[in-house]
Amino acid sequence: MTSSALKILRRARPARGYTLIELVTVITLVAILAAVAGPRFFDTSVFRERGYADELAGAIRYSQKIAVASGCSVLFTATTSGYQASQQTASGNHCDTAASTWPNVVMNADGQQVLGFVPSGVATGAFSLTFGADGLLASGGGVNISVGSRTLVISAVSGYAEVQ
């Protein structure tokens, strides 16, 4: 082969690899993307809000079921720091409906008190619900509670708690 034929072959071969400018451009774009999108992956406040809203709705539903099962009214109270459920005093097989106090705490099936605390960084409102022995709301129904960016809707008719 002649030297002119070698020059033509060298020119005809495609380039192999990337130029320095292409590499720097790609690295810069990836760095910008990581700086913008990265913090969203490490912000857990949305998960804490949804978790607490689900926990609160579950506790309300459980309180309603306890009212039906026991035949005694249940008072569910929530504040900006937490929630708890309690019942009126029962004497024998009957509830003391004339009593204005709710001294008996409602217990879960595992023996733990129905009690919870608001996680840090989650904002919520205060409310109070009373479930009668039939499971219907005796007071405090039809409320919408904000739990961070979520809304906890408590039906005025049935007392059912739902996270939206």
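The paragraphs below lead through this predicted model, from its overall make-up to its helices, its strands and a few single residues.

Taken as a whole, the protein contains three helices and 11 strands, and along the sequence these elements follow the pattern α-α-α-β-β-β-β-β-β-β-β-β-β-β. Of the 164 residues in the protein, 29% are buried, while the accessible surface comes to about 10,600 Å², with 61% of that area belonging to carbon and sulfur atoms. Among the contacts in the protein with a separation of 6 or more, 50% are made by residues 24 or more positions apart.

The helical part can be entered through helix 2, which spans residues 20–42 and includes Ile27. Because its relative accessibility is 59%, and the threshold for an exposed residue is over 50%, Ile27 counts as exposed. Together with Tyr18 and Leu23, Ile27 makes a nonpolar surface patch of about 380 Å².

Helix 3 follows, covering residues 45–70, and its 26 residues reach 37 Å from the first C-alpha to the last, which is close to the 38 Å expected at 1.5 Å a residue. A number of residues in helix 3 are buried, among them Glu49, Tyr52, Ala53, Leu56, Ile60, Ser63, Ile66 and Ala67. An α-helix has 3.6 residues a turn, so residues three or four places apart point the same way. Helix 3 also carries a salt bridge, in which the side chains of Arg50 and Asp54 meet at 3.1 Å, taken from N to O. These two residues both lie in helix 3 and are four residues apart, about one turn of the helix. Arg50 is partly exposed, since its relative accessible area is 33%, and Asp54 likewise counts as partly exposed, because its relative accessibility is 37%. A search of the whole structure finds one salt bridge. Just after helix 3, the chain comes to Gly71, which takes a positive phi of about 80°.

Beyond that glycine, in the loop between helix 3 and strand 1, lies Ser73. Ser73 counts as buried because its relative accessibility is 17%, which falls under the 20% cut-off for that term. What does Ser73 touch, not counting residues up to four places away in sequence? The residues it touches are Ser86, Gln87, Gln88, Trp102, Phe131, Gly132 and Ala133. There is also a link in space to Cys95, whose C-alpha atom is separated from that of Ser73 by 7.9 Å, although the two residues are 22 residues apart along the chain. Cys95 lies in strand 4, which covers residues 94–95, and Cys95 is buried because its relative accessible area is 18%.

The strands can be approached through strand 2, residues 82–87, where five of the six residues are buried, so that this strand is largely enclosed by the rest of the structure. Strand 1, residues 74–78, runs antiparallel to strand 2 and is joined to it by five bridges; in this pairing, Leu75 has Ser86 of strand 2 as its bridge partner. The two strands form a hairpin, with three residues between them. Strand 2 also pairs in the antiparallel sense with strand 6, residues 115–117, over three bridges, and here the bridge partner of Gly82 is Phe117 in strand 6. A further antiparallel pairing joins strand 2 to strand 5, residues 104–105, through two bridges, with Asn104 in strand 5 as the bridge partner of Gln87. Gln87 therefore appears twice in this account, because it is bridged to Asn104 and is also one of the residues touched by the buried Ser73.

Further along the chain, strand 9, residues 143–147, and strand 10, residues 150–154, pair in the antiparallel sense over five bridges. One of the residue pairs in this arrangement is formed by Val147 and its bridge partner in strand 10, Arg150. Strand 9 and strand 10 make a hairpin that has two residues between the strands, and within this hairpin Gly148 takes a positive phi near 65°.

Terms used
Residues are numbered from 1 along each chain as its sequence is written. This is a predicted model: local features need pLDDT of at least 70, side-chain atom pairs count only at pLDDT 80 or more; totals for chains, interfaces and linings use all residues. Side-chain values use heavy atoms; hydrogens and water are left out. Patches are made of residues with over 30% relative accessible area and no salt bridge: like charges are joined within 9 Å, nonpolar side chains (Val, Leu, Ile, Met, Phe, Trp, Tyr) within 5 Å. Accessible areas come from the Shrake-Rupley method with a 1.4 Å probe; for residues, only the protein chains shown count as cover. A salt bridge is a side-chain nitrogen of Lys or Arg within 4 Å of a carboxyl oxygen of Asp or Glu. Buried means under 20% relative accessible area, exposed over 50%, partly exposed in between (1.4 Å probe, protein chains only). Two strands pair if DSSP finds at least two bridges between them. The expected span of a helix is 1.5 Å times one less than its number of residues. Contact means heavy atoms within 4.5 Å.
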